[in-house]
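Visitor: Please take a close look at the aromatic rings that pair with one another, and describe how they are arranged.

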Amino acid sequence: MKPDWDKLMKEYEGSSTALVADVDCTAAGQSLCGKVGVQGYPTIKYGDPSALEDYKGGRDFASLQKFAKDNLVPMCSPTNIDLCDDAKKKQIEELMAESGDSLASKIKEKEEELVQVEKEFKEKVEKLQAQYQEYSTEKETKLAAVKDSGLGLMKAVKAAKAKKGGEEL
């Protein structure tokens, strides 16, 4: 992916409306990566710098280039309100009218909702993993019981009979 990403960075070099860059999250960029929620590598983020979203598309140059062309454009935001539809403009205006403390409280509440969603997902995955382990153990036990019930011996007898010509296959 790195060569394709470097090619895309070169294509957008000097753009006044889009930034395609990379950050080394293991070195000097570690604090930035933590701030924007990078949890694994490589991670691609896009959107408003204050509210970046995860890219989930293809990692080849054609996919990256198409996504960049379609999405790395000025977007509706508080700094580009003229690009917003009426409903989004109204929402932005309402949020802009709130106090900093009120907005911080709402942000905290939504972030806690995100944490809860992740927690519920993790719990469900853990249950699935436990259930999978249970089913896997059950399967292995049943397979062993079938084999121990004489399957191998039956196959050996059949093969021996065929070898002696005692049974037509």
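Guide: What follows deals with the aromatic pairs and their surroundings. The model is predicted, so local features need pLDDT of at least 70 and side-chain atom pairs count only at pLDDT 80 or more, while totals for chains, interfaces and linings use all residues. Residues are numbered from 1 along each chain as its sequence is written, and side-chain values use heavy atoms, with hydrogens and water left out.

Rings of Phe, Tyr and Trp (its six-membered ring) pair if their centres lie within 6.5 Å; planes under 30 degrees apart count as stacked, over 60 as edge-to-face and the rest as tilted. By this rule there are 2 aromatic pairs. In one of them, Y46 and F67 meet edge-to-face, at 4.8 Å centre to centre with 80° between the planes. Y46 belongs to strand β1 (residues 45–46) and F67 to helix α3 (residues 61–71), so this pair ties together parts 21 residues apart in sequence. Helices (H or I, at least four residues) and strands (E, at least two) are DSSP runs, numbered from the N terminus.

Y46 counts as buried because its relative accessibility is 18%, whereas F67, at 21%, is partly exposed. Buried means under 20% relative accessible area, exposed over 50%, and partly exposed in between (1.4 Å probe, protein chains only).

F67 also pairs edge-to-face with Y55, at 4.7 Å centre to centre and 65° between the planes. Y55 sits in the loop between β2 (53–54) and α3, 12 residues from F67 in helix α3. With 7% relative accessibility, Y55 is buried. Y46, Y55 and F67 together form one aromatic cluster.
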